[in-house]
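Let's take a stroll through this protein model, stopping at a few spots along the way. Have the sequence handy as you read.

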Amino acid sequence: MKISFENPDKINGLLTLTVEEADFKEDVEKTLKDYRKKANLPGFRPGMVPMGMIKRQYGPAVKVDVINKLVGEQIYKYMQDNKIQMLGEPLPSEKQETLDLDKDAPYTFLFDIAVAPEFKVELTDKDKIDYYNIEVDDQLIDRQVDMFASRSGNYEKVEEFQGNDMLKGDLRELDENGSTKEGGITVADAVMMPDYIKVDEQKQLFVGAKLGDIITFNPRKAYPDNDAEVSSLLKIDRAQVGEHTGDFSYQITEISRYKKHAVDQELFDQTFGQGTVKDEKEFRQKIAEGLKAQLADDADFRFIQDVRAYAEKKVGQLTFPDTLLKRVMLANNRDKGEDFVNKNYDQSIKELTWHLIKEQLVAANNVKIDDADIKATAKEAARAQFAQYGMNNVPEEYIDNYADEILKKKESVDGLVDRSVDRKLTDALKKKVKLNEKKISLDDFNKLMSGE
């Protein structure tokens with residue numbers, strides 16, 4: 001086998017590979033012998049089918065498969081042995097002449113290879129990069145206390161309606177005279193939250209309402225352009241909403257007001273587990289600890305974004321084999337077509353640039369991850385998922401099991417691997433570059449992240 005590689009402009013490569021009969025003959029014969037052992041054809045005992053028949057029936061397809069596998073392996077071996085960083089998959093060259101594998105070897109294959117541009121990026125203590133220390137102040141802790149109290153609250157019955165109260169009542173459709181419409185819609189125990197009514201004129205009808213009051217309002221006017229809301233309230237199909245545009249009476253049979261949980265021992269136990277926190281001071285301290293850990297992750301996430309921007313600026317504009325890479329992108333997205341490639345190419349190059357930069361930074365800082373790192377990242381994702389629902393005292397066993405479930409999903413693993421690499425790279429770079437540390441409030445940090 002002969003392999004040659006032309007790469008005059010450093011980024012567009014042409015690989016020529018010539019395959020001789022001796023390169024594949026032995027593998028083809030071995031594969032056909034295996035076919036013969038397993039062949040089960042009428043009139044022949046298993047394993048006794050004549051080899052000539054096996055070659056006629058399976059020979060051409062086996063030859064193609066063996067050659068394709070051989071070519072693929074040799075391309076990647078050549079790239080690895082010669083330290084050529086290939087971008088995407090090799091593509092059959094536009095210079096390739098038609099090959100007839102039914103004829104005798106040799107066969108010459110030509111492949112276009114997109115090669116990564118050569119550059120060097122290094123970050124040292126001479127590089128100064130922003131790092132935001134998000135402050136955990138009393139105001140932020142107050143908000144967390146309020147959030148926990150709100151999540152653990154409950155509805156209680158009251159006599160008079162206010163703002164966010166929830167109503168339950170009997171709904172009846174009225175005729176043009178304001179009387180209950182014969183054969184009209186009636187809904188018992190219809191639930192409403194007037195605060196969500198879109199039109200002020202209709203919303204005001206419920207202000208100061210008391211238990212037992214009868215309110216006359218118009219659902220269609222109250223929720224304009226929202227047939228789904230009207231159909232849900234009236235318990236009818238959306239297609240029927242247009243047939244019921246008049247007034248309805250609503251007699252209030254129940255008023256429920258949501259009350260936040262008291263900041264007491266029961267709330268402490270619900271939030272962090274039985275007996276973990278014994279008073280409000282410890283409760284706030286525990287909240288502060290959790291916030292510091294969470295906000296440190298947020299700060300690290302911002303840091304790696306700033307590293308990216310800094311490194312991209314330091315590297316400057318790289319030259320890529322655009323025409324060839326667009327062909328690669330099209331080959332991977334044939335169902336989406338050239339318009340998709342043209343619209344998304346610039347962004348894909350931006351992501352590719354960062355990928356190449358990060359590869360160098362990872363290698364330079366000897367960043368390596370193993371299964372334990374990925375599992376740790378999965379457990380952090382699990383804790384964050386539970387925390388979104390206010391569950392901060394989930395037993396470690398449940399965290400561990402949930403992490404295992406995440407790891408069973410292949411689409412999740414790639415993201416966890418990337419996140420694990422980012423975490424280790426962040427730790428390494430925080431020790432290597434000069435940090436321009438800045439104190440910032442959470443609100444200002446959120447504005448920074450949203451680009452305000």
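Leaving aside its neighbours within four places in sequence, which residues is S93 in contact with? They are L14, L110, F111 and D112. Keep in mind as you look around that this is a predicted model.

So where does S93 sit? You'll find S93 in the loop between strand 3 (91-92) and strand 4 (107-114). S93 has a relative accessible area of 6%, and because buried means under 20%, S93 counts as buried.

Another loop residue to check out is D165, which lies between strand 6 (154-157) and strand 7 (166-173). D165 is buried too, at 3% relative accessibility. Not counting residues up to four places away in sequence, D165 touches V158, E160, M192, M193, P194, I255, S256 and R257. The side chain of D165 also reaches the backbone nitrogen of Q162, and it makes a polar contact with the side chain of R257.

Now for helix 8, which covers residues 280-315. Helix 8 has 36 residues and spans 52 Å from its first C-alpha to its last, close to the 52 Å expected at 1.5 Å a residue. At its N-terminal end, D279 acts as a cap, with a side-chain oxygen pointing to the backbone nitrogen of K281. After helix 8 comes G316, with a positive phi near 80 degrees.

Here are the side-chain distances for the two aspartates:

| Side chain | Partner | Distance |
|---|---|---|
| D165 | Q162 backbone nitrogen | 2.7 Å |
| D165 | R257 side chain | 2.9 Å |
| D279 | K281 backbone nitrogen | 3.2 Å |

Note on methods: Residues numbered from 1 in each chain as written. Predicted model: local features only at pLDDT ≥ 70, side-chain atom pairs only at ≥ 80, totals over all residues. Heavy atoms only, no water. Helix = DSSP H or I, 4+ residues; strand = E, 2+ residues; numbered from the N terminus. Buried < 20%, exposed > 50% of the residue type's maximum accessible area, 1.4 Å probe, protein only. Contact = heavy atoms within 4.5 Å. Expected span 1.5 Å × (residues − 1). Polar contact = N/O pair within 3.5 Å; in protein donor to acceptor, adjacent residues only side chain to side chain.
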